[in-house]
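Work through the exercises below with the sequence and the structure at hand. Each task is followed by a solution in steps.

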Amino acid sequence: MRSLKLRLFAMLVSATGIIWLAAVIWIYVGSRGELEHVLDTRLQEAARMVASLASGFDGLPGSSAPAAVQPLGSYERQLSCQIWSLDGRMVAKSSGAPDQQLSPAASGFSDRIIDGEPWRVFSVEDADHNLRVMVGDRVGLRERLVTDLIKGLMLPALLIAPLLGAAIWASVGQGLRPLRRMAQDLCAREPDDMRHVATDRAPAEVRPLAVALNGLLSRVEAARRHEREVTAFAAHELRTPLAGLKTQAQVALAAEDPQVVRGALEQIVTAVDRSARLVRQLLTIARLDSDTVDAPLAPVAVGPILEEIVAATPRNDRTTVTIDASVRAMVLNTNAECLQLALRNLHENAIQHTREGCVVWTAGRNAIAIEDEGPGIPADELDQIGKRFFRGRLRSPVGSGLGLAIVKLALAKVGAELTISNREGRSGTRSELTFGVRATTGAAA
Amino acid sequence: MRILVVEDDPILSDGLRAGLSLTGATVDAVETCEDADAALATSRYSAVVLDIMLPDGSGLELLRKLRGRRDATPVLLLTARDSVGDKVSGLDSGADDYLAKPFDLDELAARLRAIVRREGGRAAPAMTHGAIVLSPADLSATVAGEPINLSRREFAILAALMERPEQVRSRAELEERLYGWQEDVESNAVEVHIHNLRNKIGKDAIQTLRGVGYRMGRTQ
């Protein structure tokens, strides 16, 4: 049964029905025993009464002939009475009483079948007056009494049953109203309405649901906000260079001063270079995103790759790059392309942020680190870096916010991890690549 | 016009400076909210070109702060987001106009002229004082219908004086209109420009109030 209301209704109605039925059975059994007792006592008293009456007549009138049997009056035919002499002649019987002897027993209760009907009979023997009195009633009559009693009980119950059902239906509906109200409230909402459902007025049974729902709403809202942020960051990073290009182009077209024209054209060249890098990074991200399988691993010499990157990255005269001998000699079980992507973006980042100073590459056990002498990263931004298009407060003028996202993606493909921290005791950033995170799990598999 | 450009992208910022200078404006450029706040607190600008996404915060925050201290400097927002909701929240934060990147330089300059004009209480694009008519859109000027040739700085001084003809402008105020931070101010530049202007538009066109400054002469 899918409907909570129907289920509750069915449960309440059947529980009520069962209780009623049990009560009826109880009353039936209980009153039946009680009734038997009462009727048996009546039989007993009637028999004794008749016996004492009959003993008053000496030499019973009908003692000579059964034809002279006297009617003893009627109990509305409920009770039948027979008076027999001890030698087996019927002396008298009540009207409607059967002719057959009611009971063979000399005294006490007995059950008999007479003319196909069950009887309950009580006999009293009076030896002094040569009498045996038998009083009996039909068991069928007794049954009818009990049945009538139960019918009397059941009839009002059956009349009340629909009313009770309606009352239960209405109460269940009333009890489920908070749920319905919540559903209506949620249905009526705008798609972007992420306000929490009120939990203070919710009943205790609905509250866990409301709390869980609020948790879900919060998570959906956070995911949406993150998506909006990424979209906004992306729009900014993609459209700003275009705006710069267009503005510089219009300056070049409008200016008459050759120096201004030349300056604008030079800026256009720089802007195109930067846009080309941005496009390259976007394509790299798209490729890393679409490639869901992990990159195949093979022994890779780190030295030549890093030297090539350093040689290909332009830097100003005041910045030096040092590659420690430990890195030059390093051979890692990794993927050459992913390693190259990670090292290149980290190196470009370090060069962009170090206006003057030294960029140092070092190696540890299964780890490569790069340290720069740039401004470092504000502590509150450390957990945000690596998000796509995120650029911190201390951004370099040429970045796009994609470099570290690429590093993370590339490293994930070879089971390596990136840890970024600020250098201790001096300004600058330390980025550490730890390899072999996957290698151990891969070996176990 | 003296314009403050708040934009962190070096190429766009440089382009705005060069481009707006071509339209006769003096441009100062800053990269962060903090620097913009400091610049606005110390100098008077005809208008601000404000990028929304800045390294140290949102341009909208800066705008609200500005309006919060009753600074009515006209602000034109530059933003990469161009949904209706973004435009509405930008304008409701106190912006006077809104342009989505990438934009047209001429349109930006025209919109800046418009919001500056509105701020000065004028609806007509040309500035008129007696027989003198200035057209900021193309930096042209006429006296009694005759075109006259003004240099960029002469035009800027005349425009500053004609914005509120009754008001006296001090020499420092005029210098501020003429020169950005990077430019060196020649000590008697304003006097030289005023002298040249009088030669071109008439001796009585500009009055000198000794020790106070300059204002436009009375019209007949």
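**Exercise 1.** Why is strand β2 (residues 26-30) of chain B largely enclosed by the rest of the structure?

Solution. The model is a predicted one.
- Step 1: a residue counts as buried if 20 or more other C-beta atoms lie within 10 Å of its own.
- Step 2: 5 of the 5 residues of β2(B) are buried, so the strand is largely enclosed by the rest of the structure.
- Step 3: look at the two faces. Thr26(B), Asp28(B) and Val30(B) are buried on one side, and Val27(B) and Ala29(B) are buried on the other, which leaves both faces covered.
- Step 4: find the pairing. Strand β1 (residues 2-6) of chain B runs parallel to β2(B) and is joined to it by 5 bridges. In β2(B), Ala29(B) is the bridge partner of Val5(B).

**Exercise 2.** Describe chain B and chain A by their elements, burial and contacts.

Solution.
- Step 1: chain B holds 8 helices and 13 strands, while chain A holds 10 helices and 12 strands.
- Step 2: of the 220 residues in chain B, 44% are buried. Of the 445 residues in chain A, 26% are buried.
- Step 3: take the contacts in chain B between residues at least 6 apart in sequence; 57% of them join residues at least 24 apart. For chain A, residues 24 or more positions apart make up 58% of the contacts with a separation of 6 or more.

**Exercise 3.** Is Arg117(B) buried, partly exposed or exposed?

Solution.
- Step 1: locate the residue. Arg117(B) is part of helix α5 (residues 105-119) of chain B.
- Step 2: count the surroundings. Arg117(B) has 19 other C-beta atoms within 10 Å, whereas a buried residue needs 20 or more and an exposed one has 12 or fewer. Arg117(B) is therefore partly exposed.
- Step 3: list contacts, leaving aside neighbours within four places in sequence. These are Arg122(B) and Pro125(B).
- Step 4: compare sequence and space. Ser46(B) is 71 residues from Arg117(B) in sequence, yet their C-alpha atoms are 9.4 Å apart.

**Exercise 4.** What is the strand order in the open sheet of 4 strands in chain B?

Solution.
- Step 1: the order is β8-β9-β10-β11 (chain B), and the pairing is antiparallel.
- Step 2: β8 (127-129) and β11 (146-148) of chain B are the edge strands, each pairing on one side only.
- Step 3: on average, neighbouring strands of this sheet are turned by 25° against each other, direction ignored.
- Step 4: inside the sheet, β9 (residues 132-135) and β10 (residues 140-143) of chain B run antiparallel and are joined by 4 bridges. Opposite Val133(B) stands Thr142(B) in β10(B).

**Exercise 5.** Do the end C-alpha atoms of helix α2 (residues 139-175) and helix α8 (residues 336-353) of chain A agree or disagree with the expected spans?

Solution.
- Step 1: α2(A) has 37 residues and should span 54 Å at 1.5 Å a residue; its end C-alpha atoms are 51 Å apart, which agrees.
- Step 2: α2(A) nevertheless bends by about 35° at Ala161(A), with a proline, Pro162(A), following within four residues.
- Step 3: α8(A) has 18 residues and should span 26 Å at 1.5 Å a residue; its ends are 26 Å apart, which agrees.
- Step 4: 14 of the 18 residues of α8(A) are buried, so this helix is largely enclosed by the rest of the structure.

**Exercise 6.** Which strands stand at the edges of the open sheet β2-β1-β5-β4-β3 in chain A?

Solution.
- Step 1: this sheet has 5 strands with antiparallel pairing.
- Step 2: β2 (90-93) and β3 (108-114) of chain A each have a single partner strand, so one side of each is left without a neighbour in the sheet, and these are the edges.
- Step 3: β1 (residues 79-85) of chain A is joined to β2(A) by 3 bridges. Ile83(A) has Ala92(A) as its bridge partner in β2(A).

**Exercise 7.** How many residues of chain A are in contact with chain B?

Solution.
- Step 1: 24 residues of chain A are in contact with 19 residues of chain B.
- Step 2: α4(A) gives the largest share of the chain A side, 14 residues.
- Step 3: by class, that side has 11 nonpolar, 9 polar and 4 charged residues.

Note on methods. Residues numbered from 1 in each chain as written. Chains lettered and ligands numbered in written order. Predicted model: local features only at pLDDT ≥ 70, side-chain atom pairs only at ≥ 80, totals over all residues. Helix = DSSP H or I, 4+ residues; strand = E, 2+ residues; numbered from the N terminus. Contact = placed C-beta atoms within 7 Å. Pairing = 2+ DSSP bridges. Axes fitted to C-alpha atoms, helices over the stretch in contact; angles between N-to-C directions. Nonpolar A, V, L, I, M, F, W, Y, C, P; charged D, E, K, R; others polar. Expected span 1.5 Å × (residues − 1). Bend = angle between axes of the 7 residues up to and from the residue.
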